[in-house]
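Colleague: Let's go through this one together. Put the model up and start with the terms, please.

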Amino acid sequence: MTETLAIDKIRLDGGTQPRVENSPSIAADYAEAMLDGAEFPPVVVFHDGTEYWLADGFHRVAAARGNELLEIETEIRQGTQRDAILFS
């Protein structure tokens, strides 16, 4: 299911990021493209009934935050933090 989700509801701190760190230059490029109207695929989160764990789209979330957006298009899947880790 794809829907718009408040960015501040998305958990980034659960060890679901497979990279050591995000690339600031990629996030900046995405942010600029977003401002220019580019459409990106929805980020993927796993919802355990309480938390939304980000599994895919760390650079897109960083770009949206950099642009001070409050919401982002999201594919919500039912699952746990562990499911998000395995997916990522």
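Modeller: Contact here means heavy atoms within 4.5 Å. Helices (H or I, at least four residues) and strands (E, at least two) are DSSP runs, numbered from the N terminus. The model is predicted, with local features needing pLDDT of at least 70 and side-chain atom pairs pLDDT 80 or more, while totals for chains, interfaces and linings use all residues. Residues count from 1 along each chain as its sequence is written, and side-chain values use heavy atoms, with hydrogens and water left out.

Colleague: Sheet first, then. What is the strand order?

Modeller: Two strands count as paired if DSSP finds at least two bridges between them. The sheet is open, has five strands and mixes its pairing. Reading across, the order is S1-S5-S3-S4-S2.

Colleague: Which strands stand at the edges, each with a single partner strand?

Modeller: Go back to the order, S1-S5-S3-S4-S2. Each edge strand has a single partner, so one side of it is left without a neighbour in the sheet. The two at the edges are S1 and S2 (10–11).

Colleague: Parallel or antiparallel: in which sense do S1 and S5 pair?

Modeller: In general, strands of a sheet pair through backbone hydrogen bonds, in either sense. Here S1 covers residues 2–6 and S5 covers 71–78, with five bridges between them. In S5, Thr4 has Glu73 as its bridge partner and Ala6 has Glu71. The pairing of S1 with S5 is antiparallel.

Colleague: And on S3, what is the bridge partner of Phe46 in S5?

Modeller: S3 is residues 43–47, and it pairs with S5 in the parallel sense over five bridges. The S5 partner of Phe46 is Arg77.

Colleague: His47 is in S3 too. What relative accessible area does His47 have?

Modeller: Buried means under 20% relative accessible area, exposed means over 50%, and partly exposed is in between (1.4 Å probe, protein chains only). His47 touches Tyr52, Ile76, Arg77, Gln78 and Gly79, leaving out residues up to four places away in sequence. His47 counts as buried, because its relative accessible area is 15%.

Colleague: On to the helices. Which residues of H1 are buried?

Modeller: H1 runs over residues 24–35 and reaches 16 Å from its first C-alpha to its last, close to the 16 Å expected at 1.5 Å a residue (times one less than the number of residues). The face turned away from the buried side carries the exposed Asp29 and Glu32. The buried residues are Ala27, Ala31 and Met34.

Colleague: Within what arc do those buried residues fall, seen down the axis of H1?

Modeller: The arc is taken from the directions between the helix axis and the C-beta atoms. The buried residues of H1 line one face of the helix, because they fall within an arc of 60°.

Colleague: Which helix helps to cover the buried residues of H1?

Modeller: Start from the packing on the other side: the buried Phe58, His59, Arg60, Val61, Ala63 and Ala64 belong to residues 58–66. Those residues pack against H1, S3, S4 and S5. What covers the buried residues of H1 includes H2.

Colleague: At about what angle to S4 does H2 run?

Modeller: Axes are lines fitted to C-alpha atoms, for helices over the stretch in contact, and angles go from 0 to 180 degrees between N-to-C directions. H2 lies across S2, S3, S4 (52–56) and S5. Its angle to S4 is about 115°.

Colleague: Stacked, tilted or edge-to-face: how do the rings of Tyr30 and Phe40 pair?

Modeller: Rings of Phe, Tyr and Trp (its six-membered ring) pair if their centres lie within 6.5 Å, with planes under 30 degrees apart called stacked, over 60 edge-to-face and the rest tilted. A search of the whole structure finds two aromatic pairs. In this one the centres are 5.1 Å apart and the planes are at 50°, so the pair is tilted.

Colleague: Last one: what is phi of Glu68, near enough?

Modeller: Most residues other than glycine have a negative phi. Glu68 sits in the loop between H2 and S5 and is exposed, with a relative accessible area of 69%. Its phi is positive, near 60°.
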